[in-house]
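Hi everyone, thanks for coming. I'd like to walk you through one protein structure today, so have a look at the picture as I talk.

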Amino acid sequence: MTLTKSKFREKCLKNMKSMPTHNKLYRDYLLNKRLEKSLSVSKKANILFYYPLKSEANIVKVLNKMRKKHNVFLPFMVSKSFKMVPFRLPLKKKQFGIFEAGNTTRNIKKIDIVVVPTIGVDGNMQRIGFGKGMYDRFFQKLHKRPYIIFIQSDFCYTKEKICDSYDVTGDILITPKKIIKNRMIKQMRK
């Protein structure tokens with residue numbers, strides 16, 4: 001039986017939901033350490049983070065640290081995609097339980113780094129998300145491809161290539177136990 005994206009998503013979601021909660025703080029701690037290290041760029045950057053849902057990796061510690069050194073943004077849902085807004089408090093709980101900063105009239109076009117939550121990743125280092133396509137539509141609108149960091153609370157990966165051509169491709173996948181770099185993207189950038 002061939003593996004499909006929807007079957008793999010189901011498997012990863014099942015794994016995510018069955019992860020023991022007693023060590024979530026430790027997993028998030030390890031993940032934050034790895035993420036902070038990979039974001040230790042010397043020059044000021046524009047970084048798009050996500051604000052975590054309960055089921056996603058909690059990266060708030062790194063998000064708050066990066067605010068002091070970089071321009072930090074969050075997604076703000078617009079129709080079937082989102083735009084970037086500056087990270088500022090208070091956050092409001094919106095559709096799908098997503099926390100958002102207030103809207104802005106600023107049209108932010110330049111983003112250097114994007115931190116993206118994933119449910120799973122395939123053999124092309126493409127993202128399997130919740131199936132709404134919001135990140136895919138967002139990346140299609142960008143003029144220049146940023147450095148893309150995938151984040152997972154638990155490693156859910158298949159060597160099979162099951163994603164569609166429009167699915168987001170990451171430069172690196174960070175989990176509490178593993179870091180995988182995308183060699184294909186690295187070669188294309190040289």
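Let's start with a charge and a ring. The charged end of lysine 178 sits over the ring of phenylalanine 155, and the distance from the ring's centre is 4.8 Å. Before I go on, keep in mind that this is a predicted model.

Okay, on to rings that meet other rings. How many aromatic pairs does the structure hold? There are 6 aromatic pairs. Take tyrosine 26 and tyrosine 29: their ring centres are 6.4 Å apart and the planes are at 25°, so we call that pair stacked. The cut-off you need here is that planes under 30 degrees apart count as stacked. Where do these two tyrosines sit? Both are in helix H2, which covers residues 24–38, and they are 3 residues apart, about one turn of the helix. Here's the background: an α-helix has 3.6 residues a turn, so residues three or four places apart point the same way.

And are those tyrosines buried or exposed? Tyrosine 26 is exposed, at 52% relative accessible area, while tyrosine 29 comes out as partly exposed, at 41%. The line for exposed is drawn at over 50%.

There's also a cluster of rings: ring pairs link Phe82, Tyr135, Phe138 and Phe139. Three of those names come back when we look at helix H4, residues 134–141. The buried residues of H4 are Met134, Tyr135, Asp136, Phe138 and Phe139. What covers them? The cover includes strands S1, S2, S3, S6, S8 and S9.

Let's stay with S9 for a second. Isoleucine 148 lies in that strand, which runs over residues 147–151, and isoleucine 148 is buried, with just 2% relative accessible area. Leaving out residues up to four places away in sequence, isoleucine 148 touches Val114, Val116, Phe139, Val168, Thr169, Gly170, Asp171 and Ile172. So you can spot Phe139 from the ring cluster in that list. Isoleucine 148 and isoleucine 47 are 101 residues apart in sequence, yet their C-alpha atoms are 10.0 Å apart in space.

Now the cysteines. The count comes to 1 disulfide. Cysteine 12 and cysteine 156 form it, with their sulfur atoms 2.0 Å apart. The torsion about that S-S bond is about -85°, so the disulfide is left-handed. The pair links distant parts of the chain: cysteine 12 is in helix H1, residues 5–17, and cysteine 156 is in the loop between S9 and strand S10, with their positions 144 residues apart in the numbering. Both of these cysteines are buried. What about cysteine 163? That one is in no disulfide, and the nearest cysteine sulfur, on cysteine 12, is 10 Å away. Cysteine 163 is buried too, at 15% relative accessible area.

Last stop, the pocket. The largest pocket has a volume of about 520 Å³. It has 26 lining residues, and the closest to its centre are Ile98, Arg127, Phe130, Met134 and Tyr135. H1, S2, S5, S8 and H4 each supply at least two residues of the lining. Which of them gives the most? That would be H4, with 3 residues. So H4 brings us back around: Met134 and Tyr135 are among its buried residues, and both are also in the group closest to the pocket's centre.

That's my tour. Thanks for listening!

Methods
Residues numbered from 1 in each chain as written. Predicted model: local features only at pLDDT ≥ 70, side-chain atom pairs only at ≥ 80, totals over all residues. Heavy atoms only, no water. Phe/Tyr/Trp six-rings, centres within 6.5 Å; stacked < 30°, edge-to-face > 60°. Helix = DSSP H or I, 4+ residues; strand = E, 2+ residues; numbered from the N terminus. Buried < 20%, exposed > 50% of the residue type's maximum accessible area, 1.4 Å probe, protein only. Lys NZ or Arg CZ within 6 Å of the ring centre and 35° of its normal. Contact = heavy atoms within 4.5 Å. Disulfide = S-S within 2.5 Å. 1 Å grid on protein atoms, 1.4 Å probe; cavity = no way out; pocket = protein on both sides within 12 Å on 5 of 7 lines; lining within 4 Å. Points joined across faces, edges and corners; volume = space filled by probe spheres on them.
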